[in-house]
Amino acid sequence: MNDQSNRHVLVIDDHREIREALRDFLQRNALRVSLAADAAQARQVLERQAIDLIVLDIMMPGEDGLSFCRWLRQTHRTPVIFLTAVAEEVDRVVGLELGADDYLVKPFNPRELLARIRAVLRRWDELPPKRLPGNAGRFRFAGWELDPARRELTGRRARLTLSSGELSLLLAFLTHPGTVLSRDELLDLTRGRDARAFDRSVDIQVSRLRRKMEVDAADPALIVTHRGGGYSLAADVEAL
């Protein structure tokens, strides 16, 4: 198991008592902790420091956690664990669709949060090493150019807008060009392994990307299927 001591966790919650209690508990368990009361403070922390994982409250005044996570997924690859006071299925699904790696319903035992943090960090440590930086501004490949901030894919006399799921999946391929990625690895790279209910969505999103990018979606040459359930991007990628 990889050493997870001194990993840097950002806790974003508008309740000071919760923030400070989590900071004290996580620090006693060998984690570094920064705190933010809202999305604006969180952005300031992310500008100044490298964060390994974010614990994010959904129900915050002003910009809520779902909106912040949507922005985060366009700019960072940092894993996220949601905290929510609402136990409804729709909130779990929306959080996972936006890119959360896990979630906990308040009130919760801090030991359970620590276990979730360690599990998410372990999964990210075990992912295939990136061959290109995940924070590159734009990518050029196979006659296409991707602008992640705008979610725009241009090339071959076309300008396409990608859904958040399509963008996450394409970024996973672009940061691991030529690497065969299993469905489990693609789930980890896009939404987290706890999104098991969405397993078939990997195949659906691949099909959508093929229809948009391939010369012949029925005979794909760019996103290649491998026996055993994996996919790879068969293209040279340039980070711009």
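**View 1. Asp57 and its salt bridge to Lys106.** Asp57 is buried, since its relative accessible area is just 2% (buried means under 20% relative accessible area, exposed over 50%, and partly exposed in between, with a 1.4 Å probe and protein chains only). Its side chain meets that of Lys106 in a salt bridge, 3.3 Å from N to O (the term covers a side-chain nitrogen of Lys or Arg within 4 Å of a carboxyl oxygen of Asp or Glu). The two come from distant parts of the chain, 49 residues apart: Asp57 is in strand β3 (residues 53–57), while Lys106 is in the loop between β5 (102–105) and α5 (110–125). Helices (H or I, at least four residues) and strands (E, at least two) are DSSP runs, numbered from the N terminus. Lys106 counts as buried too, because its relative accessibility is 18%.

A word on what you're looking at: this is a predicted model, where local features need pLDDT of at least 70 and side-chain atom pairs count only at pLDDT 80 or more, though totals for chains, interfaces and linings use all residues. Residues are numbered from 1 along each chain as its sequence is written, and side-chain values use heavy atoms, with hydrogens and water left out.

**View 2. More salt bridges.** The count of salt bridges comes to 14. One of them joins Glu166 and Lys212, whose side chains meet at 2.8 Å, N to O. Here again distant parts of the chain are linked, with Glu166 in helix α6 and Lys212 in helix α8, 46 residues apart. Glu166 counts as buried because its relative accessibility is 5%, whereas Lys212, at 28%, counts as partly exposed. Asp147 pairs up with Arg150, and their closest N and O atoms are 3.7 Å apart. Asp147 is buried, at 18% relative accessible area, but Arg150 is exposed, at 58%. There's also a network of salt bridges, which links Arg138, Arg140, Glu145 and Glu238.

**View 3. Phe68 and Trp71, an aromatic pair.** Searching the whole structure turns up one aromatic pair. Phe68 and Trp71 make up this tilted pair, at 5.4 Å centre to centre and with 40 degrees between the planes. (Rings of Phe, Tyr and Trp, the last by its six-membered ring, pair if their centres lie within 6.5 Å; planes under 30 degrees apart count as stacked, over 60 as edge-to-face and the rest as tilted.) Both residues sit in helix α3 (residues 65–75), three residues apart, or about one turn of the helix. Phe68 counts as buried because its relative accessibility is 0%, while Trp71, at 25%, counts as partly exposed. Trp71 has another partner: the charged end of Arg43 sits over its ring, 4.3 Å from the centre (that takes NZ of Lys or CZ of Arg within 6 Å of the ring centre and within 35 degrees of the ring normal).

**View 4. The largest nonpolar core.** This core has 27 residues, and those with the most contacts inside it are Phe141, Leu146, Leu170, Phe173 and Met213. (A nonpolar core is a set of buried Ala, Val, Leu, Ile, Met, Phe, Trp, Tyr and Cys residues joined through side-chain atoms within 4.5 Å.) Elements giving two or more residues include β6 (139–141), α6 (164–174) and α8 (199–213). The biggest giver is α6, with seven residues. Apart from this core lies another one, of 20 residues, among them Leu10, Ala36, Val45 and Cys69.
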